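User: I would like to learn how to read a protein model. Please take me through it one feature at a time.

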Amino acid sequence: KDAPEGDQRREDLKMIMDEAKRCKIIVADLLNFARQQDILAQDTDLQALVSEVLVKVNHRKHFDKVQIVREFSPDLPHIQADPAQLQQVFINLLNNAADAMEAGGIITISAALLDAKTVEIRVADTGSGIAPENLDKLFTPFFTTKPAGKGTGLGLSIVYGIIKMHYGQIHAQSQVGQGTTIIITLPVRLPEGRLDRTANKSDLIG
């Protein structure tokens with residue numbers, strides 16, 4: 001802050017700060033990836049949870065040109081899930097979608113019942129899309145299509161792990177130049193024994 005504009009030291013210090021922040025992100029992602037967490041499952045309102053996530057991400061610069069559309073089925077039930085971990089899933093997916101639309105675009109988040117036991121969630125963008133040969137690698141640790149220094153390649157691996165811990169499934173559909181859709185299915189009720197019996201109504205998200 002003390003270095004004047006145009007001073008080479010200012011540029012050097014800015015570079016040091018930017019690289020330190022990048023290292024912090026990498027370390028945080030590694031810790032999240034390595035951590036074997038149990039899920040603190042409780043009744044969760046998906047629509048309210050997404051609303052909370054949007055408040056957190058909307059102020060970020062790469063969302064300035066992005067329109068976010070929500071399409072939630074009116075009969076969508078509360079599900080048994082760990083809301084903190086699902087928030088991390090949505091934050092990672094939204095950040096990836098926004099990064100794929102540097103010139104702006106639309107992200108559509110939808111959720112509906114597939115059947116009485118399963119909810120399907122879709123996060124679709126109108127971005128650059130993913131080459132067919134890379135689709136099968138998306139959830140592989142350290143794989144990234146972003147330029148060097150722009151991603152750790154752990155975000156989608158963490159998302160994959162969280163969905164699997166919730167007994168769900170996740171896969172991607174994409175066409176180059178037309179966008180990408182991440183499709184998640186989650187059980188409405190978790191297998192017996194996975195719901196934290198200490199959770200109560202005061203813990204309800206939404």
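User: How many bridges join strand β5 to β7?

Analyst: Strands here are DSSP runs of E with at least two residues, helices are runs of H or I with at least four residues, and both are numbered from the N terminus. Two strands pair if DSSP finds at least two bridges between them. Strand β5 covers residues 118-125, and 7 bridges join β5 to β7 in an antiparallel arrangement. T118 has P187 in β7 as its bridge partner. E120 is partnered with T185 in β7.

User: What kind of model is this, and how are residues numbered?

Analyst: This is a predicted model, with residues numbered from 1 along each chain as its sequence is written. Local features need pLDDT of at least 70, side-chain atom pairs count only at pLDDT 80 or more, totals for chains, interfaces and linings use all residues, and side-chain values use heavy atoms, with hydrogens and water left out.

User: Which strand pairs with β7 besides β5, and in what sense?

Analyst: Strand β6, residues 169-175, pairs with β7 in the antiparallel sense over 7 bridges. I170 has I184 in β7 as its bridge partner. The hairpin of β6 and β7 has 3 residues between the strands, and G177 there takes a positive phi near 85°.

User: Why is β7 described as largely enclosed?

Analyst: Start with the cut-offs. Buried means under 20% relative accessible area, exposed means over 50%, and partly exposed lies in between, using a 1.4 Å probe and protein chains only. In β7, residues 179-187, 9 of the 9 residues are buried, so the strand is largely enclosed by the rest of the structure.

User: How do I read the two faces of a strand?

Analyst: In a regular strand the side chains alternate between the two faces of the sheet. On one side of β7 sit G179, T181, I183, T185 and P187, and on the other T180, I182, I184 and L186. Both faces are covered.

User: How many residues of β5 are buried, and which strand does β4 join?

Analyst: In β5, 6 of the 8 residues are buried, so β5 too is largely enclosed by the rest of the structure. Strand β4, residues 105-115, joins β5 by 8 bridges, and the two run antiparallel. S110 stands opposite R122 in β5. Just 2 residues lie between β4 and β5 in their hairpin.

User: Which residues touch the most other members of the largest nonpolar core?

Analyst: A nonpolar core is a set of buried Ala, Val, Leu, Ile, Met, Phe, Trp, Tyr and Cys residues joined through side-chain atoms within 4.5 Å. The largest one has 42 residues, and L46, F90, I107 and I184 touch the most other members. Helix α3, residues 83-99, gives the most to this core, with 8 residues.

User: What does L46 touch?

Analyst: Contact means heavy atoms within 4.5 Å. Not counting residues up to four places away in sequence, L46 touches F72, L76, I79, L86, F90, V119 and I121.

User: How do I describe two packed helices?

Analyst: Two packed helices are described by the angle between their axes and the distance between the axes. Axes are lines fitted to C-alpha atoms, for helices over the stretch in contact, with angles from 0 to 180 degrees between N-to-C directions. The axes of α3 and α5 come within 9 Å and cross at roughly 145°. The residues of this contact divide into 8 nonpolar, 5 polar and no charged. Here Ala, Val, Leu, Ile, Met, Phe, Trp, Tyr, Cys and Pro count as nonpolar, Asp, Glu, Lys and Arg as charged, and the others, Gly among them, as polar.

User: Is N92 buried or exposed, and what does N92 touch?

Analyst: N92 is found in helix α3. Its relative accessibility is 18%, so N92 counts as buried. N92 touches G155, I158 and V159, not counting residues up to four places away in sequence.

User: What is the phi of Y167?

Analyst: Most residues other than glycine have a negative phi, and most peptide bonds are trans. Y167 is not a glycine, yet its phi is positive, about 60°. Y167 lies in the loop between α5 and β6. With a relative accessible area of 46%, Y167 is partly exposed.
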